[in-house]
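Reader: I would like a close look at one strand of this model and what surrounds it. Please keep to the backbone geometry, the burial and the pairing.

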Amino acid sequence: TPLKIAVLIPDRNDRPLLLSNCLRMLKAQTLQPDHIEIVNDAPLSTEKDITYRYRIGYERLRNCGFDIIALIENDDYYHFTYLETMVSKWMEFGKPDMLGCDFTVYYHIKLFKWLTMYHKTRSSAMNMLIKPDLDFSWCVDNDPYTDIWLWKTLKGIIWHPPMICMGIKHHEGLHGGRQHTDRYDRYINDDYSKEFLKSVMDKESFEFYSSYYK
(Lines give C-alpha, C1' and ligand atoms only; values in the text may rest on other atoms or scores of the structure.)
Protein backbone atom coordinates (compact mmCIF):
# COMPACT_ATOMS: atom_id res chain seq x y z
CA THR A 1 0.00 0.00 0.00
CA PRO A 2 1.47 3.39 -0.95
CA LEU A 3 2.29 5.73 1.89
CA LYS A 4 -0.08 8.61 2.49
CA ILE A 5 1.90 11.80 3.00
CA ALA A 6 0.59 15.10 4.35
CA VAL A 7 2.32 18.46 4.31
CA LEU A 8 1.58 20.98 7.06
CA ILE A 9 2.31 24.67 6.36
CA PRO A 10 1.78 27.34 9.06
CA ASP A 11 0.75 30.55 7.29
CA ARG A 12 -0.56 33.99 8.35
CA ASN A 13 -1.53 35.40 4.94
CA ASP A 14 1.37 37.85 5.24
CA ARG A 15 3.80 36.26 2.76
CA PRO A 16 1.77 35.66 -0.42
CA LEU A 17 4.73 35.54 -2.79
CA LEU A 18 6.67 33.21 -0.52
CA LEU A 19 3.67 30.91 -0.08
CA SER A 20 3.11 30.81 -3.84
CA ASN A 21 6.75 29.87 -4.35
CA CYS A 22 6.46 27.19 -1.66
CA LEU A 23 3.49 25.61 -3.42
CA ARG A 24 5.45 25.70 -6.68
CA MET A 25 8.29 23.78 -5.03
CA LEU A 26 5.86 21.25 -3.60
CA LYS A 27 4.27 20.75 -7.01
CA ALA A 28 7.74 19.94 -8.38
CA GLN A 29 8.49 17.25 -5.77
CA THR A 30 9.48 13.83 -7.11
CA LEU A 31 7.35 12.32 -4.34
CA GLN A 32 4.02 14.11 -4.29
CA PRO A 33 2.13 14.65 -1.03
CA ASP A 34 -1.43 13.40 -0.82
CA HIS A 35 -2.60 16.48 1.04
CA ILE A 36 -1.34 19.99 1.83
CA GLU A 37 -2.78 21.57 4.96
CA ILE A 38 -2.25 25.34 4.98
CA VAL A 39 -3.13 26.83 8.36
CA ASN A 40 -3.95 30.40 7.39
CA ASP A 41 -6.63 31.16 9.98
CA ALA A 42 -6.92 34.77 11.09
CA PRO A 43 -4.44 35.58 13.87
CA LEU A 44 -5.88 35.52 17.38
CA SER A 45 -3.46 38.23 18.51
CA THR A 46 -0.35 40.11 17.43
CA GLU A 47 1.89 37.59 19.21
CA LYS A 48 3.97 34.98 17.46
CA ASP A 49 1.75 31.98 16.90
CA ILE A 50 3.63 29.38 14.90
CA THR A 51 3.04 26.79 17.64
CA TYR A 52 -0.68 27.53 17.50
CA ARG A 53 -0.69 26.97 13.74
CA TYR A 54 1.31 23.76 13.94
CA ARG A 55 -0.96 22.51 16.72
CA ILE A 56 -4.29 23.11 15.03
CA GLY A 57 -2.92 21.86 11.71
CA TYR A 58 -1.70 18.67 13.38
CA GLU A 59 -5.10 18.14 14.98
CA ARG A 60 -6.83 18.62 11.63
CA LEU A 61 -4.66 15.88 10.15
CA ARG A 62 -5.35 13.49 13.02
CA ASN A 63 -7.28 10.29 12.21
CA CYS A 64 -7.16 10.99 8.48
CA GLY A 65 -5.16 7.92 7.54
CA PHE A 66 -1.84 9.65 6.86
CA ASP A 67 1.39 7.77 7.49
CA ILE A 68 3.62 10.79 7.95
CA ILE A 69 3.45 14.59 8.06
CA ALA A 70 6.16 16.86 6.66
CA LEU A 71 6.44 20.22 8.41
CA ILE A 72 7.09 22.78 5.67
CA GLU A 73 7.60 26.49 6.25
CA ASN A 74 6.40 28.73 3.46
CA ASP A 75 9.50 30.90 3.14
CA ASP A 76 12.12 28.15 3.03
CA TYR A 77 13.80 26.44 0.09
CA TYR A 78 13.18 22.76 -0.66
CA HIS A 79 14.99 20.76 -3.34
CA PHE A 80 12.66 18.86 -5.68
CA THR A 81 13.83 15.57 -4.10
CA TYR A 82 13.23 16.77 -0.54
CA LEU A 83 10.13 14.72 0.28
CA GLU A 84 11.41 11.62 -1.49
CA THR A 85 14.74 11.79 0.34
CA MET A 86 13.22 12.41 3.76
CA VAL A 87 10.46 9.81 3.49
CA SER A 88 12.90 7.20 2.17
CA LYS A 89 15.21 7.82 5.13
CA TRP A 90 12.25 7.70 7.52
CA MET A 91 11.34 4.26 6.20
CA GLU A 92 14.97 3.12 6.32
CA PHE A 93 15.10 4.05 10.01
CA GLY A 94 11.98 2.01 10.75
CA LYS A 95 9.37 4.80 10.70
CA PRO A 96 10.23 6.59 13.95
CA ASP A 97 7.84 9.10 15.52
CA MET A 98 10.00 11.93 14.16
CA LEU A 99 12.82 12.29 11.67
CA GLY A 100 14.94 15.42 11.48
CA CYS A 101 18.16 16.87 10.12
CA ASP A 102 21.21 17.57 12.29
CA PHE A 103 22.03 20.88 10.65
CA THR A 104 20.27 23.81 9.05
CA VAL A 105 21.73 26.28 6.60
CA TYR A 106 20.20 29.73 7.03
CA TYR A 107 20.47 32.19 4.16
CA HIS A 108 19.44 35.83 4.46
CA ILE A 109 18.17 37.01 1.06
CA LYS A 110 18.46 40.68 1.99
CA LEU A 111 22.02 40.47 3.30
CA PHE A 112 23.27 37.72 0.95
CA LYS A 113 25.01 36.07 3.86
CA TRP A 114 24.58 32.61 5.33
CA LEU A 115 25.45 30.37 8.24
CA THR A 116 25.25 26.72 9.18
CA MET A 117 23.73 25.79 12.52
CA TYR A 118 24.46 22.30 13.86
CA HIS A 119 22.13 20.65 16.34
CA LYS A 120 22.89 17.04 17.18
CA THR A 121 19.89 16.32 19.40
CA ARG A 122 17.07 18.02 17.52
CA SER A 123 15.97 19.33 14.15
CA SER A 124 14.58 22.63 12.95
CA ALA A 125 10.84 22.39 12.34
CA MET A 126 11.29 23.27 8.69
CA ASN A 127 13.23 20.07 7.97
CA MET A 128 11.49 17.36 9.93
CA LEU A 129 8.81 14.70 9.61
CA ILE A 130 6.39 13.73 12.37
CA LYS A 131 3.92 10.88 12.65
CA PRO A 132 0.24 11.80 12.91
CA ASP A 133 -1.96 10.67 15.79
CA LEU A 134 0.73 10.92 18.48
CA ASP A 135 -0.45 11.63 22.03
CA PHE A 136 1.48 14.53 23.56
CA SER A 137 1.06 18.02 24.97
CA TRP A 138 2.07 21.08 22.98
CA CYS A 139 3.94 24.08 24.32
CA VAL A 140 2.06 27.36 24.67
CA ASP A 141 0.65 28.83 21.46
CA ASN A 142 2.95 31.87 21.46
CA ASP A 143 6.17 29.87 21.88
CA PRO A 144 8.18 30.50 18.68
CA TYR A 145 10.41 27.47 19.24
CA THR A 146 7.99 24.65 18.49
CA ASP A 147 10.77 22.41 17.23
CA ILE A 148 12.75 22.54 20.49
CA TRP A 149 9.63 21.54 22.41
CA LEU A 150 8.80 18.64 20.09
CA TRP A 151 12.31 17.20 20.34
CA LYS A 152 12.25 17.47 24.14
CA THR A 153 8.80 15.91 24.35
CA LEU A 154 8.89 13.15 21.74
CA LYS A 155 11.50 10.68 20.52
CA GLY A 156 12.92 10.78 17.03
CA ILE A 157 15.96 10.13 14.92
CA ILE A 158 18.38 12.76 13.62
CA TRP A 159 20.41 12.25 10.45
CA HIS A 160 22.81 14.20 8.26
CA PRO A 161 21.15 14.82 4.88
CA PRO A 162 22.59 16.17 1.66
CA MET A 163 21.80 19.79 0.84
CA ILE A 164 18.06 19.34 0.23
CA CYS A 165 16.66 22.38 2.03
CA MET A 166 17.61 25.79 3.33
CA GLY A 167 16.10 28.13 5.89
CA ILE A 168 15.47 31.47 4.20
CA LYS A 169 15.66 34.62 6.29
CA HIS A 170 14.14 37.95 5.24
CA HIS A 171 11.98 40.78 6.57
CA GLU A 172 8.54 39.59 5.45
CA GLY A 173 5.66 38.98 7.82
CA LEU A 174 5.83 37.83 11.44
CA HIS A 175 8.90 35.75 12.27
CA GLY A 176 9.45 32.94 14.72
CA GLY A 177 13.06 33.29 15.87
CA ARG A 178 15.30 36.34 16.00
CA GLN A 179 17.61 35.77 13.05
CA HIS A 180 15.47 37.59 10.47
CA THR A 181 15.94 41.07 11.88
CA ASP A 182 18.84 40.84 14.33
CA ARG A 183 21.77 38.62 15.33
CA TYR A 184 23.37 39.49 12.01
CA ASP A 185 26.74 38.69 13.57
CA ARG A 186 25.95 35.01 13.12
CA TYR A 187 26.00 35.29 9.34
CA ILE A 188 29.72 34.68 8.90
CA ASN A 189 29.67 33.64 5.22
CA ASP A 190 29.32 36.32 2.55
CA ASP A 191 27.64 35.47 -0.75
CA TYR A 192 27.47 38.82 -2.49
CA SER A 193 28.17 37.11 -5.82
CA LYS A 194 25.25 34.73 -5.12
CA GLU A 195 27.40 31.83 -6.32
CA PHE A 196 26.66 29.74 -3.22
CA LEU A 197 22.93 30.31 -3.57
CA LYS A 198 23.09 29.42 -7.25
CA SER A 199 25.06 26.25 -6.55
CA VAL A 200 22.42 24.71 -4.29
CA MET A 201 19.17 25.79 -5.97
CA ASP A 202 17.34 25.00 -9.17
CA LYS A 203 17.18 27.86 -11.64
CA GLU A 204 13.63 28.99 -10.86
CA SER A 205 14.21 29.01 -7.10
CA PHE A 206 17.49 30.87 -7.50
CA GLU A 207 15.85 33.52 -9.63
CA PHE A 208 13.03 33.91 -7.12
CA TYR A 209 15.13 34.24 -3.98
CA SER A 210 18.06 36.16 -5.45
CA SER A 211 15.82 38.89 -6.85
CA TYR A 212 13.20 39.01 -4.11
CA TYR A 213 14.15 42.50 -2.92
CA LYS A 214 14.86 44.06 -6.31
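**Strand β1 and its surroundings**

Author: N13 is a useful place to start: its relative accessible area is 53%, so it counts as exposed, the cut-off being over 50%. The model is a predicted one. N13 sits in the loop that joins β1 to α1. Its phi is near 60°, a positive value in a residue that is not glycine. For most residues other than glycine, phi is negative.

The strand that precedes this loop is β1, residues 5–10. In contrast to the exposed N13, β1 is mostly covered, with six of its six residues buried. The burial holds on both faces: I5, V7 and I9 are buried on one side, and A6, L8 and P10 are buried on the other.

Next, the pairing. Strands of a sheet are joined through backbone hydrogen bonds, in a parallel or an antiparallel sense. β1 pairs with β3, residues 68–71, in the parallel sense over four bridges. Within that pairing, A6 has I69 as its bridge partner, and V7 has A70. β1 also pairs with β2, residues 35–39, again in the parallel sense, over five bridges. There, P10 has V39 as its bridge partner. Between β1 and β2 the chain passes through helix α1, residues 16–27, and this β-α-β crossover is right-handed. Helix α1 lies across β1 and β2 and runs at about 165° to β1.

These pairings belong to an open sheet of six strands with mixed pairing, in the order β2-β1-β3-β8-β5-β9. In that order β1 stands between β2 and β3. The edges are taken by β2 and by β9, residues 157–159; each has a single partner strand, so one side of each has no neighbour in the sheet. From one strand to the next, the twist averages 20°.

A second residue with positive phi can be set beside N13. F112, also a residue other than glycine, has a phi near 55°. F112 lies in the loop between β6 (103–108) and β7 (113–118). Its relative accessibility is 16%, so F112 counts as buried, the cut-off being under 20%. Thus N13 is exposed, whereas F112 is buried, and each has a positive phi.

Terms used: Residues numbered from 1 in each chain as written. Predicted model: local features only at pLDDT ≥ 70, side-chain atom pairs only at ≥ 80, totals over all residues. Heavy atoms only, no water. Buried < 20%, exposed > 50% of the residue type's maximum accessible area, 1.4 Å probe, protein only. Helix = DSSP H or I, 4+ residues; strand = E, 2+ residues; numbered from the N terminus. Pairing = 2+ DSSP bridges. Right-handed = clockwise from strand over helix to strand, strands pointing away. Axes fitted to C-alpha atoms, helices over the stretch in contact; angles between N-to-C directions. Contact = heavy atoms within 4.5 Å.
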